[in-house]
Amino acid sequence: MSNVKGGAVVTGAARGIGRELALGLLQDGFGVVIADVDPEVGGATVDELAKEFGGNILFAKADVTKRSEVADAIAACRKAFGGINVMINNAGFNKPEPFLKASEDIWRAIMDVNALGVLIGTQEAAKAMIEDGTKGKIINTASIAGRSGFPDFAPYSASKAAVISLTQAGARALAVNGITVNAFGPGVVDTPLWEKLDADLLEMGASSAPGEAMAGLADAILLGRVAKPADVVGTVRFLWSPQSDYMTGQVVLIDGGMVLQ
Amino acid sequence: MSKRTGILTGAAGGIGRATTERLVKEGWSLVLVDRDQSIGDLAASIKTGDDQTVVGVAADITDPGTYGAIDDAVAEIGAPLKLLALVAGVLQEVGAIETLEIEEWDRVFNINLRANMLLMKHFIPALKQADGGAIVTVSSWYGKSGHGFFGAYCASKAGLISLTHTAADELAKDNIRVNTVAPGNVATSMHLDALNEEAAKRGVTFEEMKKTEWDKIPLGRAADPSEIADAINFLASPDSKYITGATIDVNGGCLFS
């Protein structure tokens, strides 16, 4: 077993926010499993992080809608790092469509990954934590879209509201085991998800130039800029640290001042 | 990190003392403000690092005429003002709206809401002069939901959350972030006194009242004051640099909002 202070699994950690969170966990001394559906980018991310963190970082191929793959990623974490202390259900995607054209296929795909994936991840991590007697921390990636619906992101908004509900349900269910469940809600973050979104919105005709949709949203942010993935890490670090031990069922928005709730 | 000053109100109370300890550990120099005259002795008793200063000022935060002494203490420390931690607050005399004395309503609003507006108004120029910083208010889960017999307290804390949002909107351009910590039940003398009073009001014992209240909390206990201090420290630190206008709910799960 490597010399780590505990194990952590981060889903959707091949890139974007998930990758940044994996890095933060490694810096804090955790052993980390990057669980991602994309072995190519995920493997490259692990190779790169392994240069500094050696055997403290592993890859597990996991589609979060497939329970056995999520369970395998958690099992790999327990085997390599002696347990699972932190589970970050971060995998998610968005595909914009104008509200009146929002389709069943996209709805089902988004709800499966973003909402069902969080339920499965929470269940599998909690089962392992309970079995090991670990007072673990489960952290879900919500979004400002879970607090406020966006017309071109109807299924995404609904899926992130579901993440908030699952966070609350999980918190109530698992408090008795000493497991806390919280969420963080990013606003607009400069990640591959948003690059894709910007391109999709351009294609839809919702914007007229590359970068325009994202810049338009930035105008609505009080701090005057979109977030970098690194802006999110400080908050999530607070949520995985003992400093937040009295918090459960809560959502912390990291939006630079957008929804003010 | 270079020397930086924070002002902390309600510094002699349970959350105030824990917050002092936490912020001093992070290297802050502090002006501890409390209406209790013992605050000077309390400040003198705090162990600090070499380049840190902690000064106590006895002041009535509802009276801006007393703020000059706080200004003097900030000047005495001589480092830029980067933090306004507005912890001071009071509970109300427990009672129904039907019998609520307007003097009691005014007392609670004066301290929990009006004073915080006055403090922001007075100290925002210094925060701007320091090229930005953080304002952290301490609201309550009672500010996010109504509770019988606490009409003045709940409304004052709801107002404080709203004031926090407005200040966040106005000050973002000046690089001043404004956020609130909303505690649930915290094991301070204020909470225990309130339980005692409510127990008497409802004709039950203290232990019964405590059990009734704590059983509503998924984590099954009140917070330690240090756990509120941790959240205040987080909002004062660079770890929260992209957060403004937000509420950190440190309530053991007693309210999901």
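1. A good place to start is the pairing of β5 (residues 133-138) and β6 (residues 176-183) in chain B: these two strands run parallel and are joined by six bridges. Two of the partnerships can be picked out by eye: B:Ala134 is bridged to B:Arg177 of β6(B), and B:Ile135 has B:Val178 of β6(B) as its bridge partner. Please keep in mind throughout that this is a predicted model.

2. How many of the residues of β6(B) are buried? Eight of the eight are, so the strand is largely enclosed by the rest of the structure. Both faces share in this: B:Ile176, B:Val178, B:Thr180 and B:Ala182 point one way, B:Arg177, B:Asn179, B:Val181 and B:Pro183 point the other way, and all are buried. For B:Arg177, then, the bridge to B:Ala134 goes with a buried position. The same can be said of B:Val178, which is buried and bridged to B:Ile135.

3. Stepping back, both strands belong to an open sheet of seven strands in chain B, with parallel pairing and the order β3-β2-β1-β4-β5-β6-β7. The edges are taken by β3 (54-58) and β7 of chain B; each has a single partner strand, so one side of each is left without a neighbour in the sheet. From one strand to the next, the twist averages 15 degrees.

4. The β3 edge of chain B deserves a closer look. β3(B) pairs with β2(B) in the parallel sense over five bridges, and one of the partnerships here links B:Leu30 to B:Val54 of β3(B). Although β3(B) has a single partner strand, the strand is mostly covered, with four of its five residues buried.

5. Now for the helices that lie on this sheet. Helix α3 (residues 67-77) of chain B lies across β1 (5-9), β2 (29-34), β3 and β4 (81-86) of chain B, and its direction is at about 170 degrees to that of β3(B). Helix α8(B) lies across β1, β4, β5, β6 and β7 of chain B, running at about 165 degrees to β6(B). Both edge strands of the sheet therefore have a helix lying across them: β3(B) is among the strands crossed by α3(B), and β7(B) is among those crossed by α8(B).

6. Helix α6 (residues 189-202) of chain B has 14 residues, and from its first C-alpha to its last it reaches 20 Å, close to the 20 Å expected at 1.5 Å a residue. Just after α6(B) comes B:Gly203, with a positive phi near 70 degrees.

7. For chain B as a whole, there are eight helices and seven strands. Its radius of gyration is 18 Å, which agrees with the value near 18 Å for a compact globule of 257 residues. The C-alpha trace spans about 55 × 35 × 35 Å along its principal axes. Of the 257 residues, 51% are buried. Among contacts between residues at least 6 apart in sequence, 72% join residues at least 24 apart.

8. Where does chain B touch chain A? The contact involves 25 residues of chain B and 26 residues of chain A. On the chain B side, α5 (151-171), α8 (225-236) and β7 (247-250) each supply at least two residues. That side divides into 13 nonpolar, six polar and six charged residues. Helix α8(B) thus appears twice in this note, once at the contact with chain A and once lying across five strands of the chain B sheet, β1, β4, β5, β6 and β7.

9. Chain A also has an open sheet of seven strands, in the order β3-β2-β1-β4-β5-β6-β7 and with parallel pairing. Its edge strands are β3 (57-61) and β7 (251-254), each pairing on one side only. Direction ignored, neighbouring strands are turned by 20 degrees against each other on average.

10. Within the chain A sheet, β1 (residues 7-11) and β4 (residues 86-89) run parallel and are joined by three bridges; among them, A:Ala8 is partnered with A:Val86 of β4(A). Helix α4 (residues 104-132) of chain A lies across β1, β4, β5 (137-141) and β6 (180-186) of chain A, at about 170 degrees to β4(A).

11. A last residue to check is A:Asp72, in helix α3 (residues 67-81) of chain A. Is A:Asp72 buried or partly exposed? A:Asp72 has 17 other C-beta atoms within 10 Å, and is partly exposed. Its C-alpha atom is separated by 40 Å from that of A:Leu100, 28 residues apart along the chain.

Methods
Residues are numbered from 1 along each chain as its sequence is written. Chains are lettered from A and ligands numbered from 1 in the order in which they are written. This is a predicted model: local features need pLDDT of at least 70, side-chain atom pairs count only at pLDDT 80 or more; totals for chains, interfaces and linings use all residues. The expected span of a helix is 1.5 Å times one less than its number of residues. Two residues are in contact if their C-beta atoms, placed from the backbone, lie within 7 Å. Ala, Val, Leu, Ile, Met, Phe, Trp, Tyr, Cys and Pro count as nonpolar, Asp, Glu, Lys and Arg as charged, and the others, Gly among them, as polar. The radius of gyration is taken over C-alpha atoms; the globule rule is 2.2 Å times the number of residues to the power 0.38. A residue is buried if 20 or more other C-beta atoms lie within 10 Å of its own, exposed if 12 or fewer, and partly exposed in between; C-beta atoms are placed from the backbone. Two strands pair if DSSP finds at least two bridges between them. Axes are lines fitted to C-alpha atoms, for helices over the stretch in contact, and angles run from 0 to 180 degrees between N-to-C directions.
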